[in-house]
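Hi there,

Here is the structure I promised to pass on. Have a look at it first, and my notes follow below.

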Amino acid sequence: MFYSTTRKTFCSLLFFVLAGATAAAEKPLVLWYDAPAENWETEALPLGNGRLGAMVFGGPAHERIALNEDTLWSGGPKDWNNPDAKTWIPEVRRLIDAGEYEAADKAAQKMQGPFTQSYMPLGDLLLEFPGLGGVSAYRRSLDLNTATCSVSFNAGGVDYQRDYIASHPADLIAVRFTASRPGMISFDLGQTSQLRAQTQAEAGGRLIMRGKAPAHVDPNYHDKSKEPVIYEEDGGEGMTFYGEARVLQEGGTVTPDGELLRVRDANAVTLLYAAGTSFNGFDRSPGRDGIDPSLAPQQRLDAAAGVAWDTLLSEHAKDHQALFHRTALDLGGVPNTAPTNEVIAAFRTNRDPYLAELLFQFGRYLMIAASRPGSQPTNLQGIWNDKLRPPWSSNYTVNINTEMNYWPVESANLAECFEPLLRMVEEVSVTGRNTAATNYGLDGWVAHHNVDLWRHSSPVGDLAGDPVWANWPMGGVWLCQPVWEHYAFSRDEQYLRERAWPLMEGAVRFCLGWLYENKDGYLITSPSTSPEHKFKTQGGQQAAVSAMTAMDRSLIWDLFTNSIEALDVLGIEPALRERIAAAREKLLPLQKGPQGELLEWSHPCVPEDPHHRHMSHVFGLHPGREFTPETSPEWYEAARQAVLLRGDEGTGWSLGWKINLWARLRDGDHAHRLIEYLLTPAGTKSNYQRGGIYANFLDAHPPFQIDGNFGATAGIAEMLLQSHAGAIHLLPALPANWPAGSVTGLRARGGFTVDISWAEGKLASAAIRGPEGATVVLRCGDVEKTMPMPNGQILRVSDPALNAG
């Protein structure tokens with residue numbers, strides 16, 4: 001993977017071997033505000049431990065903590081496959097070949113099945129503080145270094161402090177209430193849910209909620225059903241759930257009163273909250289074959305009740321920092337002295353690099369909070385949702401969004417957080433094998449654009465969905481790319497053999513069956529779509545399906561290329577390797593348009609929206625690796641032109657993708673322009689053309705979608721370090737706005753960890769740690785130099801003079 005080329009040197013690179021690395025000093029990374037949150041989406045602050053999510057409002061007299069549990073979904077496993085689908089394939093292909101694209105769209109709908117289920121809100125903890133009086137010196141904050149939300153204020157001459165954590169070690173949410181005078185903490189605690197639930201306060205400071213989720217919830221965009229939310233009675237389908245708050249007061253009293261706990265005159269209070277569901281696996285009914293949702297939460301609360309707050313807090317911080325402090329970024333910015341919402345509003349004027357530092361680390365914070373080994377992977381909103389019918393069902397949308405969520409896990413040094421996605425891909429490969437056989441009559445496994453907790457694998461739409469999003473059988477192919485990338489970064493051959501290759505092989509076998517020769521002897525897919533983007537037909541109408549879009553071709557090229565490398569590493573299945581290589585050579589060639597741009601479709605047509613948010617046709621530039629200036633300069637430039645023509649504006653997640661694209665195009669200033677667009681205050685009204693960021697730093701499609709946060713983090717890492725093209729490329733896309741800085745702990749493919757510092761826009765030094773005996777190929781600008789990795793040491797690169805060589 002890391003190779004050497006002969007190239008004229010424009011600078012002299014000096015190499016030193018050191019015994020250790022210098023740790024970067026911890027830089028304050030704090031979001032803070034001078035008022036409580038009023039809006040869940042735009043102002044509340046997120047906490048999470050991978051499984052439980054909380055959004056903190058911070059009201060002094062009226063506090064709301066909105067809660068989620070990552071397995072609380074509607075519905076259960078079912079047969080979503082369509083045996084008639086494969087009988088429609090010849091007719092859809094015939095219509096496409098005849099240029100009858102609108103009729104082909106109608107026929108493709110016959111290949112669809114039901115919609116996915118939806119991610120549910122758990123409920124709210126509501127706290128009322130009687131007689132608090134006037135409030136001054138208010139501050140609400142989220143410290144990314146400690147993963148702690150804090151609220152402080154003065155009322156009636158008393159200083160109040162609240163600290164909130166979502167502890168991964170204890171697997172619960174905890175809040176600590178203190179005051180500057182004894183006996184000053186009094187509140188009423190309630191618990192509510194939008195789902196069917198009952199709450200009861202009990203002795204011992206316990207507030208218990210038991211409930212049940214719907215057996216079915218229609219997507220928020222599907223309004224044809226008379227009953228979009230359907231419940232079944234006890235014993236029927238539907239997830240059951242349990243949430244318990246436990247109050248541990250110091251001094252004063254706590255009294256159960258119906259659905260409330262009343263705390264009076266306490267000196268300090270620790271509030272613990274744990275929750276669980278009846279989820280018993282993706283393939284088992286949560287209503288008929290679920291587990292008791294109360295057992296695990298009660299055990300966690302019993303264990304934590306005997307632990308001092310300081311210990312809970314320190315164990316939580318230690319666990320978080322073991323991941324978070326692996327990577328530090330200093331772009332020369334100064335921590336904000338004004339509230340974060342004001343800093344965001346001023347960014348387009350002052351372009352303060354600190355906000356980019358905060359954006360990078362906030363994405364890493366969210367990943368740690370939302371995706372831990374054993375949890376569910378991050379969905380469209382991470383693990384945070386407050387709606388019974390959330391936007392796009394808050395599901396796993398795998399035609400870009402789910403994959404984008406996980407772009408930073410490898411490069412930003414959070415590889416453990418990848419495990420939930422890996423496990424989801426393994427599970428959907430099981431359901432997807434049935435879909436491949438039933439819907440297509442093919443070997444291997446397939447997924448389409450939506451996946452849910454039950455690992456839905458068939459096309460959604462209910463026989464009436466728009467094929468532009470529904471009829472896209474490349475979901476499994478794209479999901480195999482992060483599976484491969486985990487190997488590319490780790491070089492863990494056991495992982496490749498036992499977990500990655502079986503998934504890749506299944507996707508390969510589906511593709512080998514799905515591809516067929518066109519009249520010119522090239523292998524194509526049909527029907528094929530460019531996700532969510534239509535073309536205009538000769539009759540002036542819009543259509544979705546055609547033959548072999550650029551994205552289908554690039555996804556399959558990427559899977560085939562990765563698979564060939566995997567088989568070479570493993571030394572297995574030579575006949576399959578030969579078959580894959582032969583098929584890759586016969587893929588329909590890419591095409592260029594009149595302005596030299598990479599075309600999105602393989603037939604002459606006009607795009608529905610020249611500035612569409614999806615950048616599907618340039619997958620080979622990013623996240624793929626087909627287009628580089630060293631290996632494919634012609635198509636690299638065609639991709640550049642395609643990105644230029646698409647324009648800069650877009651939804652929040654689209655801006656995140658474009659940051660990565662311009663980083664791969666080695667244009668740091670253009671990538672920074674996209675960061676400026678992303679760090680623009682956004683509205684709450686749904687918008688498909690212009691996104692940005694909310695005051696709480698969450699990405700706005702709008703509405704809130706978390707993928708833009710993760711895409712931005714990955715993009716900033718990509719601007720500073722790239723390793724997809726066979727070398728460790730230092731500072732490939734450094735913008736003028738970051739003339740001096742440093743980054744530590746970025747990861748490069750091949751098992752390397754890299755620290756970089758720069759000054760006056762040029763490399764000052766870099767330290768590379770990696771496997772003993774490995775060969776390191778470094779790139780600085782247009783220079784490449786190959787060095788062996790010293791055994792047990794660190795390779796340090798210094799280029800203070802950048803002398804011509």
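**Glutamate 600 and its surroundings**

Glutamate 600 sits in the loop that runs between helix 14 (574-585) and strand 27. Please keep in mind throughout that this is a predicted model. Is glutamate 600 buried or exposed? Its relative accessibility is 4%, and the cut-off for buried is under 20%, so glutamate 600 counts as buried.

Which residues does glutamate 600 touch, once its neighbours within four places in sequence are set aside? The contacts are Ser530, His533, Thr549, Ala550, His617 and Arg646. I also checked one pair that lies far apart in sequence: glutamate 600 and valine 92 are 508 residues apart along the chain, and their C-alpha atoms are separated by 20 Å.

**The sheet with strand 27**

Strand 27, which follows that loop, belongs to an open sheet of three strands in the order 26-25-27, with antiparallel pairing. Strand 26 (542-543) and strand 27 (606-607) are the edge strands, and each of them pairs on one side only. Strand 25 (residues 535-536) is joined to strand 26 by two bridges in the antiparallel sense. Within that pairing, phenylalanine 535 faces alanine 543 of strand 26 as its opposite number.

**A four-stranded sheet further along**

Another open sheet has four strands, ordered 30-31-35-36, and here the pairing is mixed. Why do strand 30 and strand 36 each have one side without a neighbour in the sheet? Strand 30 (721-722) and strand 36 (783-788) stand at the edges with a single partner strand each, so one side of each stays free of a neighbour there. Strand 30 pairs with strand 31 (residues 728-730) over two bridges, in the antiparallel sense. Glutamine 722 has histidine 729 in strand 31 as its bridge partner.

**Strand 2, covered on both faces**

In a regular strand, side chains alternate between the two faces of the sheet. In strand 2 (residues 30-33), Val30 and Trp32 lie on one side, while Leu31 and Tyr33 lie on the other. All four are buried, and both faces of strand 2 are covered. Four bridges link strand 2 to strand 7 (residues 135-143), and the two pair in the antiparallel sense. Opposite valine 30 in that pair is aspartate 143 of strand 7.

**A hairpin**

Strand 12 (residues 196-202) and strand 13 (residues 206-212) run antiparallel and are joined by seven bridges. One of the pairs matches glutamine 200 with isoleucine 208 in strand 13. Three residues separate the two strands of this hairpin, and in the turn glycine 204 has a positive phi of about 85°.

**The chain as a whole**

Stepping back, the chain has 18 helices and 37 strands. A compact globule with 805 residues would have a radius of gyration near 28 Å, and the 27 Å of this chain agrees with that. Along the principal axes, the C-alpha atoms fill a box of roughly 80 × 70 × 50 Å. Of the 805 residues, 62% count as buried.

For contacts between residues at least 6 apart in sequence, 71% join residues at least 24 apart. The chain exposes about 27,400 Å², with carbon and sulfur atoms supplying 50% of that area. As for charge, the chain has 69 positive and 94 negative charges, and their mean positions are 2 Å apart.

Happy browsing, and best wishes!

Key. Residues numbered from 1 in each chain as written. Heavy atoms only, no water. Pairing = 2+ DSSP bridges. Rg over C-alpha atoms; globule rule 2.2 N^0.38 Å. Buried < 20%, exposed > 50% of the residue type's maximum accessible area, 1.4 Å probe, protein only. Contact = heavy atoms within 4.5 Å. Areas by Shrake-Rupley, 256 points an atom, 1.4 Å probe, with all protein chains shown as cover. Lys, Arg positive; Asp, Glu negative; His and termini not counted. Charge placed at Lys NZ, Arg CZ, Asp CG, Glu CD.
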